[in-house]
Every structure is written in structure tokens, then in C-alpha cells.
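Reader: Hi! Could you take one helix of this structure and walk me through what it packs against, and then show me how its surroundings fit into the rest?

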Number of protein chains: 2
Amino acid sequence: MNQFDVIIIGGGPGGSKAASVLAGAGRKVALVEDRHLGGVCLNCGCIPTKLLLGAVAPRGHIRGLERQRIATGSLTVNYTALQKRVQRFTGASSQALGKALQGAGVQIYSGRAVCRDARTVAVLDTDGQTAAMLSGNHIILASGSRSAAFPGLTPDHDAVLDSTDLLNIAAVPESLLIVGAGAIGLEMADFFSAMGSTVTVVEAAPQLAPTEDEDLAREMEKLLRKTGLTILTGVRAASLLTRDGQAVLTLEDGRELCATKALVAVGRTPNTDGLGVASTGGSLDRRGFVQTDDYLQTAPGIFAIGDVNGRTLLAHAAEHQAVYVARQILGLDSGAYDPGPIPSCIYGSLEVMRVGLTAREAKAGGGEVAVSRAPLIANAIAQAGGDPAGFVKVVWRDGRMAGIAALGHHVSHLVTAAQLLLLGQYHGERLHHFMFAHPTLDEILHAAITASREAVD
Amino acid sequence: MNQFDVIIIGGGPGGSKAASVLAGAGRKVALVEDRHLGGVCLNCGCIPTKLLLGAVAPRGHIRGLERQRIATGSLTVNYTALQKRVQRFTGASSQALGKALQGAGVQIYSGRAVCRDARTVAVLDTDGQTAAMLSGNHIILASGSRSAAFPGLTPDHDAVLDSTDLLNIAAVPESLLIVGAGAIGLEMADFFSAMGSTVTVVEAAPQLAPTEDEDLAREMEKLLRKTGLTILTGVRAASLLTRDGQAVLTLEDGRELCATKALVAVGRTPNTDGLGVASTGGSLDRRGFVQTDDYLQTAPGIFAIGDVNGRTLLAHAAEHQAVYVARQILGLDSGAYDPGPIPSCIYGSLEVMRVGLTAREAKAGGGEVAVSRAPLIANAIAQAGGDPAGFVKVVWRDGRMAGIAALGHHVSHLVTAAQLLLLGQYHGERLHHFMFAHPTLDEILHAAITASREAVD
């Protein structure tokens, strides 16, 4: 039996961060990972997609300049070379993460972790044999999530793919069907469309990016259609399968759509099968996520962070929870977990960023809700970027900023400034004393905060 | 005699902003402008250069992708069409500004303003005849600045140009000499180099961007040389003149450099000749800038804002001072003027941003100074951008953040986030509770703030 202060299950953004903070503070830490350090985010999620999108980014800018008739240009991406570059970067980053953790004194176990009780974790090898038994004062569950599948919507890894399959596809498909228009679906649609695929996006909800503001989603849909995407919202898939080597999607209304490949991007499901959560005294909700209290505990001394607790399925939320839990174990934090306003981005030639609440969410929470907005067209840096479509929208509740969202080119760059402006409630008197650099894209935040407000019924 | 609450001389960023705030609060405002509303910034400064740089921006990104062998591409800019687009945008913006000011009730006078006494301003027409006499309770001097010239370094508007001439040049010069490597010189160098000019930059100071951090300037010089720029620092110009239609620069060491055109970008000189500052009770310093007290007053009830007071020659500093002075006149602000940490950016394929102090400035102010830094190469979004050269550097004084600077591609996008992190002193405990979105370029700020600190002797 190997003795530790803390056993961490999962080496993604949450688990790695917790391990690094705890080991840095002198705690004896075991980290169990059954695939690659860095998790989905680094190995087959946010990072690979950003590198892919970065390689086609000049195309959107060139298109904007061409529309203004001030330049012509071209960009030819070598897809195989790009994939190798992505694999090199993510592989090297995963290795570097492992070295850093080991350097900090973290004991890394490769294998599948199964909780035996509230203090004991077994590490199983690929044959399911017990390779090590670990004992710890604390366990942190950080096993993450994977692409969700539903009856009739299950990747067969032939023509019907999950996002990991699609990232590793050997050639750009002639046509691509994407089921699900959340961040993953939209980013993949943008990349493969830029690479020349004929892309169709199908979303069951009445709007793209279902968790985002309705106005924003409506405008986004309009702008994306102009780039050549086919978008169907409010339509449900009845089945999706490979037929004669092609992906065939049958909608509930009977329509049939075919494409070279299809991506299922309809959400995430937690990695809790066989994790042994019940044996630690914790429990799962009906979707399989680990239930946590206000302190991210599943049971006394046992924590769950990141995707696996189902609170906020974002890498940075996992890291933030990791720091909180590590500091709680170290006796540095004792209050209930408070994420603050949560930031998020959707990347691509057209971007979305949001911090805090949408108008709909603010309204649901009660109080007087209003919105103010500013179009990017009035911003000189947006103009210089070749295509100033989009806007920033501020959500107010009872006279305080409750959320800031944006749609447009490069608006992901606004996210941290928006978050800090929201946190610091920079409006009215306080904003008068703040000097915005000119010209910057950031000034659009000032314009949106100071624009006239419209009540939301 | 026309009676006003406030007479504003100059319709640049400072004057327009003051007029808009004061008129918005119901004050009777006269604004006197002898050229274009929007001033140098909009008409022949920051805005035109950003639009020019935006049109060549994809080129730097394509070059980065080509170096990584993942893409090839091209960009051909139609210089004439680009110039027309710039003129259309700045012309329309200037007109829109005029309409907005008139809509707010500002009385706009076109002509040259001369102060007759502390309450009287004459407006002269182009023949020097008095077109109107204005009387006001307050005068705000906001007449701005123009390109400085020195003996031997005076634009002749033939082959030796100032920045306004260069912006209006009919064709891209085959070769271009730029004297002065501040923001204007560097941005022009970047644009014309991208357009195919052979560019040589000559700077008298021992480093590029003389007001910036030495490390940063050294790294910038190295990176700019790689793009094909010729850079001479620590060399003084003895003379610069047009000879046989070419620009000929003679250095103090006797070397002679020739080019199709030359740009003199050696600083700015205030527009105070004939302004009649003395007759208002104010005075000029030996370089001609209007002297102001802690309240930006030149004499009781008379204010000077923006470039003309020589404090901070940046459009956004002028606007910030304008809001302060307007609020002082409105009785809303009574304390001494405090700019807070001042942000600035240099744009181009390689960018610089800074908020607050350099290490040198912090050291000069006394106290224990340290620096911490993080390279952009570790940031996934910098990697996705094709060229992750550069870094972020944080300056600490007595344990508090005193400045944040960055060099690299797209780092201008960090400026407002850096400013808010600095203002809020987000480090230690406070930073633990702040959730940085992942992946973002902004995360490099977190990395630099949390990196180990090195004392500065």
C-alpha cells in the first residue's frame, strides 16, 4: 500500500492543476491518469481546435479585405502537415506537463483508477489487473468527460465520428454533417468549411449556440450562412448511421441528409463508469455526474472537480475548482466555492465571448433587467480587421452589470477585460476615471457599457 | 459677441470629448477647429495607420504559417484602393463626429482661434480676418500638436516627408528612410516594409522605442531585423534633404544614406504659436507646451488638455483629461488630476503594449524593484497565431505591480486586461480567485504575474 496525502484521479486541466498546487505546497500527491496528461482539452479538445483554426485564420481576414476591394490573396493549408504540427505540439505539451508534475514531486500512475473506499484507490492496468493500491487522506475525482452519445446518435467511428475521430481524420471530407451547434460543433464547422468541406450544421434547439443570447445566436446564424454554411435549427435527428461508406442523417420529419462524414457533438457525458464513487460515500446524479456540495465535496474529504461534477464543462472552470479544492485541503480557503462570473469563448472566423449571465438567465434570477449594446462597426480596430460585423451586449440587473457578451471577429480577445470590468463594476463614476487605450477593440466595451439601456420584459 | 459657458479650442480627441460631455450636461459650448474634426488621431494619425496596418496584417500570419510549413499564401494590396478606403473612413468619421456634436448642441466654428483675454476668443478666417468674437466663462485649450522639425531635420515635402505627407503619398516608395523609431516611425516602417519598400530605420537613442523597456526594445530589434528591416540605433542625423529627387540622410559620423523618400518622425511640437496663451494668464514652457497645474489649469478657469499640455501625447490621455476637466467645470470632480496607470500600444506585425511603469521608471521612483516574465511560446493561442515570439514582463515595486509590458504578435489585445489587473492589483490571494478563460492569449498575463521575480539593481 502506497501512502499519500492526496490521491487525484485524472490528469486533465483540473487534476494536473490540483496536483501542482498541492505538491508545490509540500503535500505527497498521487495522480492517476489512464490516457494522456492534459486531458481532453490539451489532447483532443480546445488546444488542437485552436491550432487548426489558427492555420485558416488569415482566410477570413483576406475575405474581408477582398470584399472591401483593397486586397486579393490566397491561403493553401497543407492538412497533413497541420495535423502533424498539432500532434507535435500537444504531445510535447503533455510530456512537458508530466515532467513539471514529476519535478514538483507528484507520483504519476498510469492506469484506470477505482475507488475501493473513502481512503483507498486501486490502479488497474489495461488487463484490469491491480497494478497498485494507493491510500490517501483525500481523494480528488477529476476524471473528466467524453463525447455523449444517444440512441440513434452514436458514433460508429466509420462515417459517423466523435470529435476525437474528426481531429484525427486522414483527409478533409468533401462534405461534413455536424449534429450539435455548441462550441465544438461550431468550431469544427468553421475549420472544415475553411478547408473546403461542404458543411451542414444541424441543431435540435431553436438557435445555434443554445446556451448563448438569442439575438447573438440569430446574428451569428445570419453571418455564418453568408460564409457558405448550411444551418438547420429546431430540427431533431432520428438516426445517424453509415450507409455505403457515407453518413446518413434521418431527421424526425423524415428528411434525409447525406455527407462524406458526420460529427456527433451533442454534449458530454461524465467518466464515472466503474470509478467506484459510491464506495467513497459519494453519489451520482441521473446523468452520471458526481454530486457535490457547496465545498465541491462528494463526501467528507472527497472532492470532485471539473467536467465530472457537471457544474461547468470548461477547462478553466476545472482549473479554478482545482485551485479552490487544493487551497481548502491546505487550509487556505474555507468558504463555499464561488466561481465568480464565468468566462467562455467560441473560436473561429466569427467568435463569441461571454462573461456572466445572458439576459434570459438574469431575468430568470429576478430583478429589473436591461440591456445596452454597441455595434463593432463604429470601432476603428474592428474596421482595420477587415470585417466589423457583430456587437457587444451588456446585461444589467438592478443597475449592476450582470453579463457581457460579444459576437464578431477577434472578440475572444475581449473576454478577460470584460470579466474584469464586470467584476469591478466599471460603470458610471468608476468608468469615468478609467483610461481606455485608443484605438483598441477593447473600446467597444466602453461603448456598450455607456450606451442607453433598454428594459427587458 | 457670442456668449458661451465654455469655449473649446481644437476639435481633436480631447476637445471633442470635452464638448460632448459639457453640451450633454446642458452647457452652452463653442468649439473652434481650424482643420478637421477628430484631429491628428482620426485624420492623419492613429486611425489611418491602423487601417493601413490592418490591410497587410494577414501577411505576417501567412509568413508564420509558411515558416512552420503548414501553409502557403499570398496577399496583394491595392495601395490606391486602400488609401481611398482610409480617406472614406476618416472623412465619414469626422463628419459623423461633427453631426454628433451639433446634435448635442455644440456650436462649431471653423477657423483659427486666438485668445484675447481670459474670457474672449477671436476666430480668424483664412485671410486672418476676425470672423467671430466669442466670450466664455471657461476656455479649454486643446489645440494639439504637429510633427516636430529640427534644424537639418525639416520636411521639405518633396522627398523629405512628415507623417501626413507619407500617409498621402501617391505610390509605395521603392525605398524609405525613417528617422525616429517611436510608435509613428515603427508603425510606418512595418506598413511600408510589408508593401514592398526597402526600409531603413534610424534612431538617435541607443534603442528602438526609446521610452520602452530596454529588454523589450532589444528583442524587438532582433525580431524586426528578421523581417528585413535595416535598423540603426545610437546614430544621429546631421542633415536630411532632397537631392536630385531623392532623400539623402547624412549621419554625424559622415555616412550617407539615400532613399526614394524619407520620413521625419522625431517627436511632436505643440500648436501654441499665435494661440494667445499669455493673454489668458497662462504660460508656455521652453518647448512651447502650455503649462498646467495639478487641476490641468493654466490660469483660473482656463484649462489645457491633450498634446498641447505636453503631459502624455496620446489620444486617449487627451480624452481622459477632457472628461476630468469637463466634470470639474460641471462641479462633479474636485480632486487633482490623476491619470492612473497609462496604457499605450505600438501596432504592426509585431506589437508592443504597456501599462504603467518600465523597470527603469519604477527604479527611478525608489523602492525595491523586481521583474517577472513569461514567454509567449508557452501560450496556445500565441502558437495558433503562427509566431509565438515575444514575452510579457511585469514590473514590481515594493511587492505591488507597477507596470506590465508585452512584445509579440497581437499583444495590443492585452492592454485593457493588463491595465485592469494592475489597477486591481490582481496577484497572490486575489489572483487565485480569478478565473482566466482557457485557452486565451490573456493567460500569458497570469503566467507573467505568477512567474518568479528577479530583483532589479
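Author: Happy to; what follows starts from one helix, H3 of chain B, moves to the contact between the chains, and ends with strands and domains elsewhere. Please keep in mind that this is a predicted model.

Let's begin with H3(B), which covers residues 46-67. One of its neighbours is H6(B), residues 183-194, and the two axes come within 9 Å and cross at roughly 45°. That angle makes H3(B) oblique to H6(B). The handedness of this crossing is left-handed. On the H3(B) side, the residues that meet H6(B) are Thr49(B), Leu52(B), Leu53(B), Val56(B) and Arg59(B). From H6(B), they are met by Glu187(B), Asp190(B), Phe191(B) and Ala194(B). Sorted by class, this contact holds five nonpolar, one polar and three charged residues.

H3(B) also packs against H4(B), here at an angle of about 140° and with the axes 10 Å apart. This makes H3(B) oblique to H4(B). The cut-off matters at this point, because only angles over 145 degrees count as roughly antiparallel. The crossing of H3(B) and H4(B) is right-handed, whereas that of H3(B) and H6(B) is left-handed. The H3(B) residues involved with H4(B) are Ile47(B), Pro48(B), Leu51(B), Leu52(B) and Ala55(B). Across from them, H4(B) brings Leu82(B), Arg85(B), Val86(B), Phe89(B) and Thr90(B). The class count for this contact is eight nonpolar, one polar and one charged. If you want a residue to click on, try Leu52(B): it is listed in the contact with H6(B) and again in the contact with H4(B).

Now to the other chain. In the contact between the chains, 64 residues of chain B touch 64 residues of chain A. The elements of chain B that each give two or more residues to this side are H3, E3 (71-77), H4 (79-103), H8 (315-329), E20 (343-346), H10 (380-384) and H11 (415-423). Your helix stands out here, as H3(B) supplies the largest share, 12 residues. By class, the side of chain B that touches chain A divides into 35 nonpolar, 23 polar and six charged residues.

Strands take part in joining the chains as well. E3(A), residues 71-77, is linked to E3(B) by seven bridges, and the two strands run antiparallel. A handy place to see this pairing is Thr76(A), which stands opposite Thr72(B). As background, strands of a sheet pair through backbone hydrogen bonds, either parallel or antiparallel.

Both kinds of pairing turn up around E7 of chain A, residues 130-141. Seven bridges connect E7(A) with E1(A), residues 2-9, in a parallel arrangement, and there Gln3(A) sits opposite Ser135(A). E6(A), residues 120-124, joins E7(A) through five bridges and runs antiparallel to it. In that pair, Leu124(A) has Thr130(A) as its bridge partner. E6(A) and E7(A) form a hairpin with five residues between them, and Gly128(A) in the turn has a positive phi of about 85°. E7(A) is also joined by three bridges to E19(A), residues 302-304, and this pairing is parallel. Here the bridge partner of Ile139(A) is Ile302(A).

Back in chain B, an open sheet of three strands has the order E13-E14-E15, with antiparallel pairing. E13(B), residues 237-243, and E15(B), residues 256-259, are its edge strands with a single partner each, so one side of each has no neighbour in the sheet. On average, neighbouring strands of this sheet are turned by 20° against each other, direction ignored. Six bridges tie E13(B) to E14(B), residues 246-251, and Leu241(B) has Val248(B) as its bridge partner there.

Finally, the domains of chain A. The assignment gives domain 1 (2-45 + 81-147 + 269-329), domain 2 (160-266) and domain 3 (343-455). The C-alpha centres of domain 2 and domain 3 of chain A are 28 Å apart, and 15 residues of domain 2 are in contact with 13 residues of domain 3. On the domain 2 side, the elements giving two or more residues are H6(A), residues 183-194, and H7(A), residues 214-226. H7(A) gives the most, with six residues. That side of domain 2 divides into eight nonpolar, one polar and six charged residues.

Notes:
Residues numbered from 1 in each chain as written. Chains lettered and ligands numbered in written order. Predicted model: local features only at pLDDT ≥ 70, side-chain atom pairs only at ≥ 80, totals over all residues. Axes fitted to C-alpha atoms, helices over the stretch in contact; angles between N-to-C directions. Helix = DSSP H or I, 4+ residues; strand = E, 2+ residues; numbered from the N terminus. Parallel < 35°, antiparallel > 145°, perpendicular 65-115°, else oblique. Left-handed = near helix turned anticlockwise from the far one by under 90°. Contact = placed C-beta atoms within 7 Å. Nonpolar A, V, L, I, M, F, W, Y, C, P; charged D, E, K, R; others polar. Pairing = 2+ DSSP bridges. Domains from an automatic or database assignment.
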